[in-house]
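Open the model in a viewer and keep the selection panel at hand. The tour goes from one selection to the next and says what is found at each stop.

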Amino acid sequence: MMIEMLIAVALIGAAVVFVAPNRVAGKLAFAISLVPAALSLWMFTAFDGSGNALLDGELAFENQVEWIQFGDYAISWFVGLDGISLPLVVLTTLLTTLAIMSSWTPIDERESQFYGLVLFIEANLIGVFAALDFFVWFIFWEAVLIPMYLLIGIWGGPRRKYAAIKFFVYTNVASLVMFGAFIALVFGLGDAVTSFALPEVADAMLEGGPDGFLGVDGPTLASLVFVAMFLGFAVKVPVVPFHTWLPDAHVEAPTPASVLLAGVLLKMGTYALLRFNFTMFPEQVAAYAVPIAAVAVISVIYGAMLALAQTDLKRIVAYSSVSSMGYVILGLIAYTQFGVGGATFQMVSHGLISGLMFMAVGVIYNATHTRMVTDMSGMADRMPVAVGILIAGAFGYMGLPLMSGFAAEYFIFFGAFGSELLAYAPVFTALAMFGIVIVAGYLLFALQRAVFGPYSLETDYEVSRAPLHDVAPMFVLLGLIIALGVAPELIFEMITDAVDPILANGGDL
Amino acid sequence: MALVELPEWAALAPALLLVATAMVLFIIDSINPRSTNRELLAGTAVVGSLASLGVAVWFIFAGVGQPGTDGFGVIELFDGQLVVDQMALFFMIVVAIVTALVSVASYDYMDGHSYQAEYYSLVLLAATGMATMAAANSLVTIFIAMELASLPSYALVSILKDNRGSIEGGLKYFLIGALSSAIMLYGISLIYGATGHLQLDAIAAELEALSADGDAGYGGLLGLGILMLIGGFAFKTASVPFHFWAPEAYEGGPAPISAFLSSASKAAGFVIAFRVFTTAFPIDVTGELIGIDWTLAFVILAIVTMTVGNFAAATQNNVKRMLAYSSIGHAGYALIGLAGLTVGGGELVMGAAMMHLLVYGFMNTGAFLFVALAEHWGVGRTFEDYNGLARRAPVACFALAIFMFSLAGIPPLGGFWSKYFLFVGAISVGTTAMLLVAAALVVNSALSLYYYSRLVKAVWIEEPVVERDALSQPTGLYAAIVFAAVMTVVLLPGFGPVVDIAVEAASVVLAS
């Protein structure tokens, strides 16, 4: 019942905060969010699962209750955690708490609604990572959209309406494509499945795949479903060319929403890719390895180049997410222990680092009212702590050793280089590694212009140090980034434990 | 075993309680005419409809109308003129829920209005007609029940006597209603001419006998009669081509009445269509006699209705009209329940349609009640007038967002589930026509998101055009809206038993 507790605390908390007076909403939401954070940390220490949730693994905190029987298919409330989902749940609860704290300064209207929506998102994100029945999962998956739409649309920047609609339309259409594909798959599997429980579908897929549906034969159906689901998730990740909603959404979103968007929402896409495409369709993964790797490498390079061309600090961080998520796809398609494990590690690591970066940019924006690199100079003199953290975060992005970004990228490259599944693996890896150079390039270029040199910003107000409650969450994140960089085995062991069964299924490919 | 043995007619208790409440209201009115004691009047109406709801829920869980249970089974009354089975109880529940919500909301809406007692008793009488429609099992009782539901509705739509729109809407509703009643009555007489019976199962038996003899002499007459019956149902459910009254009546009438008509009255129209076409006209036999499968008519009707409704809704600037057209679109979705019937079954798709009407009872009533709230506040009628309402009334606007996203079929809300079940039901039938219907359902749902989200955007994201002072928080309207929103969400964990009951009820009707 632990997972239900997490979700229930966040949901009830959301309702309470929604009707609370604006004055206390921020503090109240923070206090409430501490409960799931503490609970999930306790779950992390008490974790006793092993193996992969979809492949006969031992689940932790498992719970399955019958729910709906319609026709031949049962839907049940089915949740549980394995080594892949647990780190992401912890990431979600921690980032939510920190994001709430970091919104105390920038959010100054309709606070109770804002914090209520943030807690509502948290509940749904936990649900996405914990759900093991397709319908339960899909409900949480879609329920994230509405609050995020409102967060961007109400509290966002000048072009917020456009960004909110674009975000909603892109991701909703993608979800529908994916939903249709999955339903077609379940119908195509025929009598092999009697419920929408993901382990059962995964079993049926690995036992023989679909028989066919509506005149489409089995293997074709499997390929079509694989492609449709890949496209559906690719928008969420996002990979080039489906990435255009992301910079708009990020730039217009208020800081805390950006933190959650980059930190956790993007991971929904790669997590789903891993759970669905890469676990259930090993043959199709092998067949489409080269195009997927190409997409991954293009995302890395193109995302980084786009970031290089930006002058808006927030846009730079936003585009760099496209690049970082490209690494995740590359790790997944490598289909080795270090590749897939590293990809999962990178999900957590990028969640921490991008959260940190968005917070740092947000703090600087609160003080200067500009995000333009060209307007700023010498910020290091006025806001030494915030700028120091920004620089540290940038180093994390660049993959400085002893920070989590280094460990993640090292695992991915190591895994991708030795991939047997992927043809020309060394070429793809080498191309992707070139991305690091560009990343270092744009980050150093931006920092050099914005942070160093003489102070030049012309304002009619005082630009001064950030208050403690703005800086404190960033220190927590930085601590976590360094902790994972120094000791990746903190989570890497449980990740590989859950990843190995996936690879065992694809072993003979 | 029941704790108390009740006489058989007690099975009609949900409908009888409604009519008794109407009578009590009349008595109150005769003791104290021109009374504006809103607490007493609205309270009586609410208590009566809740009692009806409670009894219907108790019956359905106690096993009334379930074949096979000792002493219960499907209860036939008056030689089968009325029948109480699970489907009847299911729709009595829908009617009672909507009646209760509308009565609660009317407490504030009808503030300062004359004809208070008449208003509530007309609502209750119309509800009685709708509950009777759910149980009617003969073309005569069906016609009488429909008229009982319709006549008070005409009066209710035009009860705002000083409002031109209300009078005009009521007049249009009345004229088209009278016309379609005439058409339907003519259809009934043709069917009587072809078969010699009015009771639904007797018609079916006669048709089977005719088809066994290979005698198709009156096939054409029968076909014409069926077509005219469909016309009558299309009027009651606001389906194309008898939908023209709906936008006018919904827009002109008091908003709670629009909620009442578009939810309860529509559901009642559907229960009759379900019963008549499954019981009286078995697909195989009827098809043989009249040479055409009548589900084809519903396939066409479903696709046309949902498409016309959604496209018209997308072009509206008036919120109430948008909801009116969208409710036409939803009639199209529910028609899938009839389009998907096959010789072998179809209980899944019909059960799904019943569930959709139940969910619709909450989300659509809630949406119209929000319009009632906006009218109470004196906010204008267009989308622009609704801009920025969330600043002043976040809770009601949050409920509105729930209704809109549920109507559009976004998970995790109730509307997603019923639409999904309709979709799966349609696909599992497997014919090309039904695949077309399923595709139309998806396309129309995607389109509907455009205009539903437009309203959400207006209240939440847009800046208000005029600066408003604090808005009042009328208790009744708020309570009804919040309750409907909570139910739209809470139905989610509770969908298990709803699915079981609906599919079971549909299969009982189909098997008879």
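The stops below cover annotated stretches, backbone exceptions, a chain interface and a buried acidic residue.

**Annotated stretches of chain A**

The model is predicted. Start by selecting residues 74–121 of chain A, which the unreviewed UniProt entry annotates as "domain: NADH:ubiquinone oxidoreductase chain 4 N-terminal". This stretch is 60% helix and 17% strand, and its end C-alpha atoms lie 27 Å apart.

Next select residues 132–427 of chain A, listed by UniProt (unreviewed entry) as "domain: NADH:quinone oxidoreductase/Mrp antiporter transmembrane". Here helix accounts for 78% and strand for 1%, with 37 Å between the end C-alpha atoms.

**Backbone exceptions in chain A**

Most peptide bonds are trans, and most residues other than glycine have a negative phi. The next selections depart from that pattern.

Which residues does a cis peptide bond join, with omega about -10°? They are A:Val237 and A:Pro238. A:Pro238 sits in the loop between helix H9 (218–236) and helix H10 (245–252) of chain A. Stay in the loop between H9 and H10, where A:Pro241 is also placed. The bond from A:Val240 to A:Pro241 is cis, with omega near 5°.

Move to A:Arg110, in the loop between helix H3 (85–102) and helix H4 (111–130) of chain A. A:Arg110 is not a glycine, but its phi is positive, near 50°. Is A:Arg110 buried or exposed? Its relative accessible area is 9%, so A:Arg110 counts as buried, the cut-off being under 20%.

Then select A:Tyr335, which lies in the loop between helix H14 (313–334) and helix H15 (337–368) of chain A. A:Tyr335 is another residue other than glycine with a positive phi, about 60°. With a relative accessibility of 9%, A:Tyr335 is buried.

**The interface of chain A and chain B**

Show both chains and select the residues in contact: 32 from chain A and 35 from chain B. About 3000 Å² is buried between chain A and chain B, and 79% of this area is on carbon and sulfur atoms.

How many salt bridges cross the interface of chain A and chain B? The rule finds three. For one salt bridge, select A:Lys161 and B:Glu462, whose side chains meet with an N to O distance of 2.9 Å. Three residue pairs are also in polar contact across this interface, both residues of each pair having pLDDT 80 or more.

Now colour the side of chain A that touches chain B by element. Helix H1 (2–19), strand S1 (60–70), helix H5 (134–143), helix H6 (145–155) and helix H7 (160–189) of chain A each supply at least two residues to this side. H7(A) gives the most, with eight residues. Recolour by residue class: 22 residues on this side of chain A are nonpolar, five are polar and five are charged.

**A buried aspartate in chain B**

The last stop is B:Asp85, in the loop between strand S2 (82–84) and helix H3 (86–109) of chain B. B:Asp85 is buried, with a relative accessible area of 4%. Which residues are in contact with B:Asp85, leaving aside its neighbours within four places in sequence? Select B:Gly65, B:Val74, B:Arg275 and B:Val509 to show them.

Technical notes: Residues numbered from 1 in each chain as written. Chains lettered and ligands numbered in written order. Predicted model: local features only at pLDDT ≥ 70, side-chain atom pairs only at ≥ 80, totals over all residues. Heavy atoms only, no water. UniProt positions renumbered as here; feature names shortened; annotations may be inferred. Helix = DSSP H or I, 4+ residues; strand = E, 2+ residues; numbered from the N terminus. Buried < 20%, exposed > 50% of the residue type's maximum accessible area, 1.4 Å probe, protein only. Contact = heavy atoms within 4.5 Å. Buried area = accessible area lost by both parts, 1.4 Å probe. Salt bridge = Lys/Arg side-chain N within 4 Å of Asp/Glu carboxyl O. Polar contact = N/O pair within 3.5 Å; in protein donor to acceptor, adjacent residues only side chain to side chain. Nonpolar A, V, L, I, M, F, W, Y, C, P; charged D, E, K, R; others polar.
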